[in-house]
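Colleague: Could we go through this model together? I should like to begin with the charged side chains.

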Amino acid sequence: MTMRMLHSSSWPPVFTPNSNSSSSFKFDAPTFFTHKPIRTSLPDHVVARSRSCSAAENSGAELRRALVGEGLRGGRLCCCGRRHFMAATTSPLIPIRPSNASDDSSDYAAMLDKFHAPRPQWYEEFQAMVLDKGMEAYEAEIARYKSQLFSKLKGKVKEILEIGIGTGPNLKYYANDNDVHVVGVDPKRTMEKYARAAAAAAGLPSPNFKFLQAVGEAIPLEDASVEAVVGTLVLCSVSDVDLTLKEVKRVLKPGGSYIFVEHVAAKDGTILKFLQSILDPLQQAVADGCHLTRETGKNISEAGFSSVELGTAFLANAPLINSHVYGIANK
C-alpha cells in the first residue's frame with residue numbers, strides 16, 4: 001500500500017405478502033446493479049462478529065448494550081453533523097433474506113435491530129430538520145476541500161454509494177450528471193425527503209437516486225458493486241470503524257475509490273487534545289456516540305487499501321471537532 005499526502009488547499013423494498021409471512025419483501029434491482037443480485041447473506045466477518053456477540057449475550061437488548069454501549073442507546077444529536085451509522089427502525093425495512101430465514105445472524109434486518117434500538121419518530125424528524133438547517137457554516141468552510149476531492153469523481157464514475165448520506169450535502173458535488181446512479185444509505189428514514197430534495201437540486205434524475213436504511217458494519221450491497229463510496233463525518237460515531245472500512249472495501253469494485261472527510265483527535269500535547277480527552281465521554285453520551293479522540297486517519301491508512309491520499313485541515317467553524325482528515329483511498 002502506497003500513501004501520499006494531499007496539499008491542503010427502481011430499488012426501494014417492495015412489500016409483497018405471502019402465505020408464509022405477513023411481512024415479507026422483495027427488491028427491484030437498480031439498473032446499475034442488475035448484473036449482480038443483492039446479497040442474500042451477511043459477509044463472513046460480519047456474521048462472525050454477530051455470532052461472537054450472541055454467544056456472550058442472551059437477548060437482543062443485551063447484544064445492543066455489548067455492541068453500542070448502554071450510554072449510546074438514547075436518541076441524541078451529534079454535533080459533528082452526522083448521526084452514527086446505525087439503523088433506527090421499528091420493523092425491518094431491508095430484509096435481504098426471505099422472511100422465513102431461520103438464521104437471523106445472516107439476516108440484515110435482524111442485524112439492524114441488534115446494532116441499534118429504535119428512536120422516537122418525533123426525535124428523528126427534529127434531528128433531520130436541525131441537520132438540514134444547522135450545518136450551513138460548516139459546509140461553507142469545508143466546501144473547498146470537498147470540491148477538491150469530488151472533482152476526481154466527476155465524469156469518471158457512474159455508480160456511487162454514499163454512507164451516512166443524511167440530508168445530502170455532498171450530492172451537489174458529484175450527482176449533477178444524468179449518467180450517475182447513487183445509492184444513499186442512512187439510519188433514519190426521516191433523512192430521505194431531505195436527501196431526495198438535495199439530489200433533485202443537484203440535477204440528479206429521480207430514478208437515479210435510491211435511499212436505503214442500513215448500517216455501515218453490514219452494507220446491504222453485493223461485493224464489488226460500486227465504483228466509489230463516499231463518507232463524510234460518519235466514522236466518528238460508528239460502533240466499529242474497522243468493520244465499516246472492511247465493508248467499504250467489500251462493496252468497491254477493484255480500483256474503486258473511497259472519498260472521506262472525518263474529524264479526528266487533535267495533536268498530542270495541545271490544549272485542544274486535553275479538552276477533547278476530558279469531554280469525550282460526555283460527547284459520546286450527549287452527541288449520539290460521536291467520539292472526539294478517534295485516530296480515524298490511522299484506521300483508514302491501515303485498512304488495506306492499495307493507496308491512500310490523505311490531507312489535514314483545521315476548521316474555524318468546528319473548534320471542538322478538529323482537526324479533520326480528508327482524502328481518497330483506492331481499492
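Colleague: Which residue forms a salt bridge with Arg 189?

Modeller: The partner of Arg 189 is Glu 192, and their closest N and O atoms are 2.8 Å apart. A salt bridge here is a side-chain nitrogen of Lys or Arg within 4 Å of a carboxyl oxygen of Asp or Glu. Please note that this is a predicted model, in which local features need pLDDT of at least 70 and side-chain atom pairs count only at pLDDT 80 or more, while totals for chains, interfaces and linings use all residues. Residues are numbered from 1 along each chain as its sequence is written, and side-chain values use heavy atoms, with hydrogens and water left out.

Colleague: Is Glu 192 buried or exposed?

Modeller: Glu 192 is buried, with a relative accessible area of 17%, whereas Arg 189 is partly exposed at 29%. Buried means under 20% relative accessible area, exposed over 50%, and partly exposed in between, with a 1.4 Å probe and protein chains only.

Colleague: Which residues are linked with Glu 192 in a network?

Modeller: Arg 189 and Arg 196 are linked with Glu 192 in a network of salt bridges.

Colleague: And how many salt bridges does the structure hold?

Modeller: The structure holds 10. One of them joins the side chains of Asp 268 and Lys 273, at 2.5 Å from N to O. Asp 268 is exposed, with a relative accessible area of 65%, but Lys 273 is buried at 14%. Another joins Asp 132 and Lys 133, at 3.8 Å from N to O.

Colleague: Let us turn to the pocket. How much space lies in the largest pocket?

Modeller: The largest pocket holds about 370 Å³ of space. Among its 23 lining residues, the closest to the centre are Asp 132, Glu 139, Thr 167, Gly 168 and Pro 169. On a 1 Å grid over the protein atoms alone, a pocket is an open set of points where a 1.4 Å probe fits, with protein on both sides within 12 Å along at least five of seven lines; lining residues have an atom within 4 Å of a point. The volume is the space filled by probe spheres set on the points, which are joined across faces, edges and corners.

Colleague: Which helix gives the most to that lining?

Modeller: Helix H5 does, with four residues. Helices H4 (121-134), H5 (136-150), H6 (171-174) and H7 each supply at least two. Helices (H or I, at least four residues) and strands (E, at least two) are DSSP runs, numbered from the N terminus.

Colleague: Now the strands. In which sense do S5 and S6 pair?

Modeller: Strand S5 (residues 181-185) and S6 pair in the parallel sense over four bridges; two strands pair if DSSP finds at least two bridges between them. Val 185 stands opposite Leu 212 in S6.

Colleague: Which way do the side chains of S6 point?

Modeller: In S6 (residues 209-212), Phe 209 and Phe 211 point one way, Lys 210 and Leu 212 point the other way, and all are buried.

Colleague: Finally, where is the cis peptide bond?

Modeller: The bond from Asn 322 to Ser 323 is cis, with omega near 0°. Ser 323 is found in the loop between strands S9 (307-313) and S10 (324-330).

Colleague: What is the phi of Ala 224?

Modeller: Ala 224 has a positive phi of about 50°, although it is not a glycine. Ala 224 lies in the loop between S6 and strand S7 (226-232). Most residues other than glycine have a negative phi, and most peptide bonds are trans.
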